[in-house]
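Here's a quick tour of one chain, starting with a helix and working outward. Have the structure open as you read.

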Amino acid sequence: MSAILLQGAGAATSLSPFNSIDSSKLVAPSRSSLSVRSKRYIVAGSDGTNKSFGASSLVARRSEPLIPNAVATKADTAASSTSSKPGHELLLFEALQEGLEEEMDRDPHVCVMGEDVGHYGGSYKVTKGLADKFGDLRVLDTPICENAFTGMGIGAAMTGLRPVIEGMNMGFLLLAFNQISNNCGMLHYTSGGQFTIPVVIRGPGGVGRQLGAEHSQRLESYFQSIPGIQMVACSTPYNAKGLMKAAIRSENPVILFEHVLLYNLKETIPDEEYICNLEEAEMVRPGEHITILTYSRMRYHVMQAAKTLVNKGYDPEVIDIRSLKPFDLYTIGNSVKKTHRVLIVEECMRTGGIGASLTAAINENFHDYLDAPVMCLSSQDVPTPYAGTLEEWTVVQPAQIVTAVEQLCQ
Amino acid sequence: MALHLRSSFSSKSTLLNILRHNLGFGSRSHVTRHIRQILPHDPPLRGSQNPISRLCNTMAEPETLSSFVQHEYANNHQVMDFPGGKVAFTPEIQFISESDKERVPCYRVLDDNGQLITNSQFVQVSEEVAVKIYSDMVTLQIMDNIFYEAQRQGRLSFYATAIGEEAINIASAAALTPQDVIFPQYREPGVLLWRGFTLQEFANQCFGNKSDYGKGRQMPVHYGSNKLNYFTVSATIATQLPNAVGAAYSLKMDKKDACAVTYFGDGGTSEGDFHAALNFAAVMEAPVLFICRNNGWAISTPTSDQFRSDGVVVKGRAYGIRSIRVDGNDALAMYSAVHTAREMAIREQRPILIEALTYRVGHHSTSDDSTRYRSAGEIEWWNKARNPLSRFRTWIESNGWWSDKTESDLRSRIKKEMLEALRVAEKTEKPNLQNMFSDVYDVPPSNLREQELLVRQTINSHPQDYPSDVPL
């Protein structure tokens, strides 16, 4: 089986490490990107069908060699040594900052607001240097009231700006729930389409290292029901930058979930411009025996478990779902149809989390393809303890993932 | 100074002496006299380095004592830097009173009988503008009455009137320009009316038919018009205030000659969003007008149960915002205040708070019967004796701009137009089912497309359970 890479008319591009194809390992395309001059790449899938995308996405898929390491420190593998463009290495928070800066350069309507985002550069340094470059008004330090500055961002968006609203920690956005649910999610609909709200709401969430219960929340559980918003979670510098750019360009309100512990991940990303599709899942490791669905930090726990599983003779397929609302049921469905077993690994709590919704969606849509019940590993329904040992056990660990896979594959 | 000394004393009775003397007298010089008085009665403190023992030791040399004390006294008048700036110290323990003796006066220009008050300051209006203000007030009144009756007759599902607040609605709108962006609560349809929203368009939204710009998705009175810069009403109280600050911020970035204007009631000032928005607007130096319709009632809650401050106008100062209290039933005063405030807001890039005192003559909405919590006599008095329309009418008639004939002509014309608008809106088709799923996002995602299919399938199999007046 080989994949065919076609180039659009008039487009000439040299192969980068990310373009090279290892046809023996290719099962399905993974990363997506949009080059700045809209070159289109059409990849024929392994079964000969072309995938089509919704009207809102102009991205094309590219094939990618398998990355065996859970945390990519070097994207160069043997298959990509034919590269001529090296890309540049940076940390995840720098990738977010780069994406944000590029979009602010590209469109003067993009602005940032939040607490300490200006000269302080943001609590996690995602907005570092932006206030110096774009000024105090475009990178706005606000007083402490999440509901107010989220509401402010919504009002500014309705008048033509494209605000990027930063919550210092996702948990604080609980205070902004009223504005997010009632105004952000609803006003495009209730105004009959007269007003659009192209905001991006972003911030770090998830369980960190002993940050305490109030600072370790998984807001994606609470927000997933709000109609009118989109939710994405980034997990690597590559998709962080791509999702940030795509979210800013989207006409819908998008909530971008980052993770407190992933900001210092290092990866080499392309020099040329790209964005990631907001509604697409990412194939991390193709496999045959079981589909493991995960997102954000749990992706790394899963990949660590995958190493152990491979040694034990299993072949797990790992998908980073990335798009939390709506789910990419196309990619997920194809995987389920192939492996017939699903394990969901998430950081959300057992009750009402992303995993709970995903379990329901898979059972509803792909029931006939399942050989075993969908299993979901989540955190317990407890506030995150401060004690380090207790905190570690509220989060799903690789050993539990290995056990679960063994159980499902019996 | 006394407070500093107090911490050094070991004797409790001495402490009380100081307190008693201090609180009884206001002058600083008394404090110094006081120190000289009590020290001779105290035994010198043993072996301590505190200032009192120093004073005791120097008792024998009165000059030194007095110079020491005067040096301390001089120190008191210095100001000290804290984060936030210099602040003078005071040795007196004085609390700022919770209210001034006098309430903030209310700006009005026409008296209760519509006569211009002598020496009043106001912004001159042309005959054309004054006549339009009055005509639109009449139109709003008639529209409200007819829609209210339509709801009572079962033709409309819901309505909320602005009766009694016509002057606030129309006169404030008249003082703005079409580029000023409006963030209403839900009792300001007059602003839309002024800007050119037709009676038919109002009726279409109330009936939720396919000509409604909101595509039938909201309750009646939740108007919105992007071409008239009037942002769709969101029912949640006071959430529009931070939105308005954001719009003002956007206008400030673009350096536009326009401001954001937002309306809310007395009840809305209790919401957190009110306080946060005022604070933000002051810090951002955003050109936004906060117009509070203090109409005395939040459904059944009177203002005495809503806040304990002197109304809303005094809250502006707490946030560093220039504020004014206006007679909301005096159209000329409203016009002048909003006109002036708008200029200040844009020229000086600052927020302004306007508290318009008025009375909610109508019920909160058609779901409310306000005679349950207030007397019908009170409502009637405000409707007749303090009616904003009659006051302004007297004034424009005195200028020769209006007459009984023009009044009756206008009223009969508007009533006819209203009834026709109602008739047409009632007959117009409702939006089709596809509008239930569109505009949730820019493009419907797969889950919504799937859900629409499911709904249509269900309707196909049970057509008798589906309302006949909603097209597919």
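## A helix and its surroundings

Buried residues in H11(B) are Asp273(B), Phe274(B), Ala276(B), Ala277(B), Leu278(B), Phe280(B), Ala281(B) and Met284(B). Keep in mind that this is a predicted model. An α-helix has 3.6 residues a turn, so residues three or four places apart point the same way.

How does the length of helix H11 of chain B work out? The helix covers residues 272–284, and at 1.5 Å a residue its 13 residues should span 18 Å. The end C-alpha atoms are 18 Å apart, so that agrees. Right after H11(B) comes Glu285(B), with a positive phi of about 55°.

Now zoom out to chain B as a whole. It has 17 helices and nine strands, and these numbers go with it:

| Property of chain B | Value |
|---|---|
| Share of the 472 residues that count as buried | 51% |
| Share of contacts with a separation of 6 or more that join residues 24 or more positions apart | 71% |
| Exposed area | about 22600 Å² |
| Share of the exposed area from carbon and sulfur atoms | 53% |

The domain assignment splits out domain 1 (127–427) and domain 2 (433–465) in chain B. Their C-alpha centres lie 36 Å apart.

Which residues form a nonpolar patch on the surface? Met80(B), Phe82(B), Val87(B) and Phe89(B) do, and together they have about 380 Å² of accessible area. Phe82(B) sits in strand E1 (residues 79–82) of chain B. With a relative accessible area of 48%, Phe82(B) counts as partly exposed, because exposed takes over 50% and buried means under 20%.

Notes: Residues are numbered from 1 along each chain as its sequence is written. Chains are lettered from A and ligands numbered from 1 in the order in which they are written. This is a predicted model: local features need pLDDT of at least 70, side-chain atom pairs count only at pLDDT 80 or more; totals for chains, interfaces and linings use all residues. Side-chain values use heavy atoms; hydrogens and water are left out. Helices (H or I, at least four residues) and strands (E, at least two) are DSSP runs, numbered from the N terminus. Buried means under 20% relative accessible area, exposed over 50%, partly exposed in between (1.4 Å probe, protein chains only). Contact means heavy atoms within 4.5 Å. Accessible areas come from the Shrake-Rupley method with a 1.4 Å probe; for residues, only the protein chains shown count as cover. Patches are made of residues with over 30% relative accessible area and no salt bridge: like charges are joined within 9 Å, nonpolar side chains (Val, Leu, Ile, Met, Phe, Trp, Tyr) within 5 Å. A salt bridge is a side-chain nitrogen of Lys or Arg within 4 Å of a carboxyl oxygen of Asp or Glu. Domain bounds come from an automatic or database domain assignment. The expected span of a helix is 1.5 Å times one less than its number of residues.
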